[in-house]
Amino acid sequence: MNMFRLAASAALALAATAVSAQQTVKIGFITSYSGLNGNLGPYMERAVRLYLKQHEKDLGGVKVELLTRDDTGPNPDKARQLAQELVVRDKVNLLAGVIFTPNAMAMAPIATEAKVPFVIMNAGTAVITTRSPYMVRTSFTLWQSSYPLGQWASKKYKTAYSLVSDFGPGHDSEEGFSKAFEEGGGKMLGKVRVPLQNPDWAAYMQRVKDAKPDVLMVFIPAGKTATAVMKNFSDLGLGQAGIKLIGPGDVTTDEELPNMGDVALGVLTVHHYSAGATRPQNKAFVAAWKKEYGQNETPNFVAVGAYDGAAIIVDAIKALKGNMDPDKTMEFFKTWKNPNSPRGPISIDPETRDIVQNEYLREVKRVGGQLANVELETVATALKDPWKEFQKKK
Amino acid sequence: MSEALQRSALSLSNVRAGYGETTILEDVSFSLPERGSLAILGRNGVGKTTLLATIMGHTTFQSGEVKFLEKRIENQAVYERSRAGIGYVPQDRLVFPSLSVEENLTVAARSGRWNLERVYDLFPRLSERKHHGGNQISGGEQQMLAIGRALMGNPTLLLMDEPLEGLAPIIVEMLLKALKRLISEDSLAVVLVEQHAKLALQVTRTALVMRRGKIVHEGASDALLANPERLADLVMAQ
Amino acid sequence: MAFALQTEKLCKSFGALTVADHIDFRLEPGARHALIGPNGAGKTTFVNMLTGVLAPTSGSIFLNDQEVTNTSQAARVRLGLGRTFQITTLFRSLPVLDNVALAVAERTGVAKRMWRSASSCKDIVEESQNLLGVLGLADDAASAAQDLPYGKQRLLEIAVTLGLKPKVLLLDEPAAGVPSHDSGKVLQQLEKLSSDIAVLIIEHDMDLVFRFAQRITVLVQGQVLVEGTPSEIAGDKRVRDVYLGEAHV
Amino acid sequence: MSGYSADTRIRWTEWLPWVAAGLFFFLMPEYLSLGARILIFILFALSLDLILGYAGIVTLGHSAFFGLGAYTAGILSARLGVNDAFLQLAAAAGMSALLGMLTGAVILRTRALTLLMLTLAITAILLEIANKWSTMTGGADGLSGVQVSPLLGLFKFDLFGRTAFLYCLIVLFAAWWVVRRIIYSPYGAMLTGIRDNAARMHAIGAPVYWRLVMIYTVSATMAGVAGALLTQVNQFVGLNVLGLEPSGDILVMLILGGVGRLYGAFVGPVVYIVVQDTLAKQYPEYWYFGIGVLLIFVVLFARGGILGIFDKLRDKWLSHSRPKSSARASAR
Amino acid sequence: MLSSVVSVAFHGVAYGMILYVISVGLSVTMGLMGFINLAHGVFAMAGGFVLSSFMARFGVPFPLAVLSAFVLVALGSVVLERLLYSRLYGAGELTQVLFSIGLILVSMASARLIFGDQAARVLLPDYLRGQLHMMGRDFPTYRVFIIFFSLGIILLLWFGVERTRWGAMVRAAVDHRAMAQSVGINTRLLFMATFALGSGLAGLGGALGADILPVQWAYPFEHLVYFLIVVAVGGLGSLRGPFIAALLIGVADTACKYWVPEFGAFLVYAATIGILLWRPMGLFGVRA
């Protein structure tokens, strides 16, 4: 084995000197490993590494170097400084990553000024991609999931209440949902915005319960808060009171489901990705993930955003043969399509550089003894970010 | 005489002590036999309180030797000295205000001849006040409580720092009687620091006079009591 | 009849406990006056009322004929009342010179200046050095106060207060805790104090009191027992009794 | 050492930070944005040292002023279109000074835990306001769209951070000069007096409380300027400039360097940020473990911080080379 | 309206109880030992993790797991007290603040390394789930349990402190430490035991409250401000003060969220400032 490796690398080295100087594409990868939701960073990095490992051989000898940096949570000035360093000092060809909206916003001017293409792999506030022509997003927008959610809900329910975290994505979700819900003839009984760091949910849940809506739409950033919300929803007996819990997929993220226990059963969400989806591309993705990181590990929507982010980058490298001229790269990005993403067919909207994807209605069910988001129907196909569409009309 | 053959309850030799780097006691040596009683006299600020605090372990010990029942104790913790049998009645009484009178007594209790009943017998006033808070009683009662508290630990040596200070004459009379009873009836060694020299000399067997951290006189109490001029010279000034 | 310091019927009680009971006290300009009394006589309370740390229950205090009963501590200092502390209260980590200079600067109003360097305030530094010289501390100017031997710390305590150029100086046990061989030095320095200053000394060391004071007031249980010259006091039987513990007034 | 005994001439060692900054500018041009960040935190730490190190006020809420300065500059540009760097700085300084004076006047009458909690609650309230008043502040998404016109109409804030670095360096130098003057002034000496023994300060007639309010205001002003610099350099303000975390961070930085010694505020942020930067690259999920250990180590074994360690080493070396003086010291 | 008042009061009290059980130890640490221990939340976090890992990995039943949280955290705290805290008794507040921040950082990183990123998973036994119906309203069973159980613990604690000799010793040591030693109390040992008890209670509170305040590695920092408010507003060295303060905060926080959610935590902080300016030593404080 060792002998083989040695021989292989020697051959590679020979080949490199023989053909031309081996090319390296450097990616400045900024995500959150510490601080609030520091658990999401590792999902992002693992997904990118997994994709790169799977497609190393397709790169035609171009090396990809991932320079990982921790922005320590919603910490925009830190993110900006890291981006600047990556661009100036490490001379990266691309920037990528970013969990949090403010961090992405703070990095936008750097991407513009330095002309470095910037692949956003998570941050989901609609407005982000308008901040720099060098941004492309492979994740989602909250409007994409919340708007169809509202449309769907307005057909089944009459009254609704919304409960969202008080920051950009939360506001997007609230607006997207209520716009669609009201357009469809439903009535919003109330909207409440909750601080990001919030200890006890009981008061809000009680408030909702006393308002007696048909349905409660919840958006909170993925993670432990989602679990707390579920628990309180159940503890206060909102379900028994006839209130249905729905939301964009962040309420029932795949990695938190085991923590939630049975309270999550029956929760309906609209999202672009479920680890439990049965499409073959997804099964292969989940299997590869488990093989790489352990049987108890499950990818989530952050992982798939990053996985497709890695895909767009690898495809660009292949297309440009490692010669990453920023404008050419962006041109390539704008027309990129992938019919075989784990989440189904996706593409980039050339006008907005934002992701175009399907949205699925899912329900939490027990599958093989474990809770999973089971896709029920496709509520929107090849959906562009609705917010940007509405902005255009204005 | 026979006292010389007796075991000493307390003996200090060449003790230097103070607070931090400040030295207050310089070269203090004396010895007190078991069941003896000693008055320490001197004006304010000569180191009497520091001397008691040093025996109890509250000061910075700099050099010398402190023996209690022939065992060296200068390196022992305060609570160990207390448990070994030294009782302490501090100058400002330091009754525990958030404890009731009875709790003040029981918190310090160790088994022996002294118990609640005997302390209440010695100070009936405390028995009447047993459910009062430590800060809800008069100065005289606090003093009784401080003494009672020390007795509850069943000490072999009792250190008392100005127990008669600032009390009404009638209380002083009462306490003096109690002190006499303690010294004569019980097999207890007592060190009494007192500004009221004559009162102190009346109840003790031997006396020390201190000045500026040093012992300037050591002798029998009654001799000093009988010679007021000498006493005045020693205690006041010259 | 301007008295440097005067109290009229000064009373202080804590609840039922009276610690100052109609004290009438007068300090002549330039006087060398001592206040003595057994522990618990109320000396500290009296001093605290004079300096403004405690408010009296009733009665009044005058400083150079000006009523100061309700003026703040700082204002009394500006009116010329300086005090030293029984327990050494120095700026322990600062140089000896600075201990004095802080007081001098405060008196002259320099202390609130932010924009010039302290060590270039020649007048402040010089005055401070002179004061240190007067008290025999000139050689120690650069040491930290906490590194001085205790006797010298007591002198520094006085020097700091002298930096305020007080007209009335309250010395609260200036020799407390000073080893015996050093207490003479403290007295020597006290004797050199300018005669413009009225000095009230609260002291237990009778050596010191009798050698220094021209008048002595004896305080017992919050009341003035007797006032007189040292020889009068030394011969007074009541004083003797108080100190030896027979009399309970 | 400050005060009347001090030699106030600038020693050659005091030029070292500036020489180092100059060398840094020319030798490590790719690190300038990190450099600017460090300079800003040095300024912030310096402002904290003024009240913590020189006046002895322990606070968990110094970020209130830093954050207010940052938001003032940001709002001025992004909402009101005022893009002049110096106007932004001046406005930030003014707002922070005002807040410093008002809150100082209220809280400086208290001590210990109460003071600690009041400072903490004040910055928490500002954080709530910044979070909720999103039309002005951008809320949790942060305030983007901040612009700074080229300095003096000539120097644009460039991608490499050259202008930013030099600009921060000049502001820091000015602040250093001001702080240095203050601590060597009678006022500074008076502050060390308060820290050392407030009771005695009262007894020599100093209006201690007002003096503290005054220095608290000065310190708040400087912290506000530091916050404004951060906004200008980043062209962005986020909620992370307010609350307990930045207050704790700056406290930790200052302590690492050494409190009450002026240059501790220079050493601490450099070490903290470099350690954080390095550890975070190696162990992005666990870097604060290292910071925590460092902190505990400093608290247990090196109370004077890093500069304190240097002092001790120097003293040791001096006492070895001059055995006589140490003999005299121990004889006393 | 009336019924919503009942609900708000109920949830507020449940939240307040958890806050109190966690914070009372901090009040004791600061009041008795004069140690400003910002790292107190570490013990609560540890309690939550003990509960969840004992239940999830070893199948320990809920009551036993809660007990283990108390015992293990108490024992663990003794080690910390001996190794680290005891070296800093009597050090300045700044030193203690920094030390405890350091401890928070170290324990957060360690917790993350050991337990990962997810919140501690607590699966309540069936008998504690569901609703109780009273007075025409629903009350979550678990919160009812929390209120009564905490109340039991609190009464036990108060009884211990007010009525036992151990309690008298603790109060004596708080009043006059040196004098307490002079009557033979080994204050060092007493402090250690009391510290362990306080930490154990925090562990217990963290475990019980894990369902309400999710326990995750960032826990000690996230909730620190609330613990501190409880203690500062309640007053150091008092048992009742923090109890009142915790209930006040619990109810006020819940009421604000219910009626004026747009204010967020603003009112709680403003009230804290108001109370501390009105009574700098806290509502029932015996020392500043």
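**Exercise 1. Work out how domain 1 and domain 2 of chain A are held against each other: how many residue pairs are in polar contact across their interface?**

Step 1. Start with the polar contacts. In this predicted model, the rule finds 7 residue pairs in polar contact across the interface of domain 1 of chain A and domain 2 of chain A, counting pairs with both residues at pLDDT 80 or more.

Step 2. Ask which elements do the touching. On the side of domain 1 of chain A that touches domain 2 of chain A, helix H2 (40–55) and strand E12 (344–348) of chain A are the elements that give two or more residues.

Step 3. Sort that side by class. You get 9 nonpolar, 9 polar and 4 charged residues on the side of domain 1 that touches domain 2 in chain A.

Step 4. Now look for salt bridges. The count between the two domains of chain A is 2. As for salt bridges in chain A, take the side chains of Glu375(A) and Arg279(A): they meet in one, at 2.6 Å from N to O. That distance passes the test, because a salt bridge needs the nitrogen and the carboxyl oxygen within 4 Å.

**Exercise 2. Describe the layout of the two domains of chain A: which residues belong to each, and how much area do they bury between them?**

Step 1. Read off the bounds. Domain 1 of chain A is assigned 21–140 + 279–350, while domain 2 of chain A is assigned 143–271 + 358–393.

Step 2. Place them. The centres of the two domains of chain A, taken over C-alpha atoms, are 27 Å apart.

Step 3. Count the residues in contact: 22 from domain 1 of chain A and 21 from domain 2 of chain A.

Step 4. Finish with the area. Domain 1 and domain 2 of chain A bury about 1600 Å² between them, with 55% of it on carbon and sulfur atoms.

**Exercise 3. Do the job again for chain D and chain E: what area do they bury between them, and which element gives the largest share of chain D's side?**

Step 1. Begin with the area. Chain D and chain E bury about 3600 Å² between them, 85% of it on carbon and sulfur atoms.

Step 2. Find the big contributors. Leu113(D), Met117(D) and Tyr288(D) supply 17% of the area that chain D buries against chain E, more than any other three residues.

Step 3. Count the residues: 39 from chain D and 45 from chain E take part in the contact.

Step 4. Check the polar side of things. Between chain D and chain E there are 0 salt bridges, and 1 residue pair is in polar contact, both residues being at pLDDT 80 or more.

Step 5. Name the elements. Helix H5 (112–132), helix H11 (244–257) and helix H13 (287–301) of chain D each supply at least two residues of the side that touches chain E. The largest share, 14 residues, comes from H5(D).

Step 6. Sort by class. The side of chain D that touches chain E has 29 nonpolar, 4 polar and 6 charged residues.

Key. Residues are numbered from 1 along each chain as its sequence is written. Chains are lettered from A and ligands numbered from 1 in the order in which they are written. This is a predicted model: local features need pLDDT of at least 70, side-chain atom pairs count only at pLDDT 80 or more; totals for chains, interfaces and linings use all residues. Side-chain values use heavy atoms; hydrogens and water are left out. Domain bounds come from an automatic or database domain assignment. Contact means heavy atoms within 4.5 Å. Buried area is the accessible area (1.4 Å probe) that two parts lose on being put together, summed over both. A polar contact is a pair of N or O atoms within 3.5 Å; within protein, one must be able to donate a hydrogen and the other to accept it, and residues adjacent in sequence count only if both atoms are side-chain atoms. Helices (H or I, at least four residues) and strands (E, at least two) are DSSP runs, numbered from the N terminus. Ala, Val, Leu, Ile, Met, Phe, Trp, Tyr, Cys and Pro count as nonpolar, Asp, Glu, Lys and Arg as charged, and the others, Gly among them, as polar.
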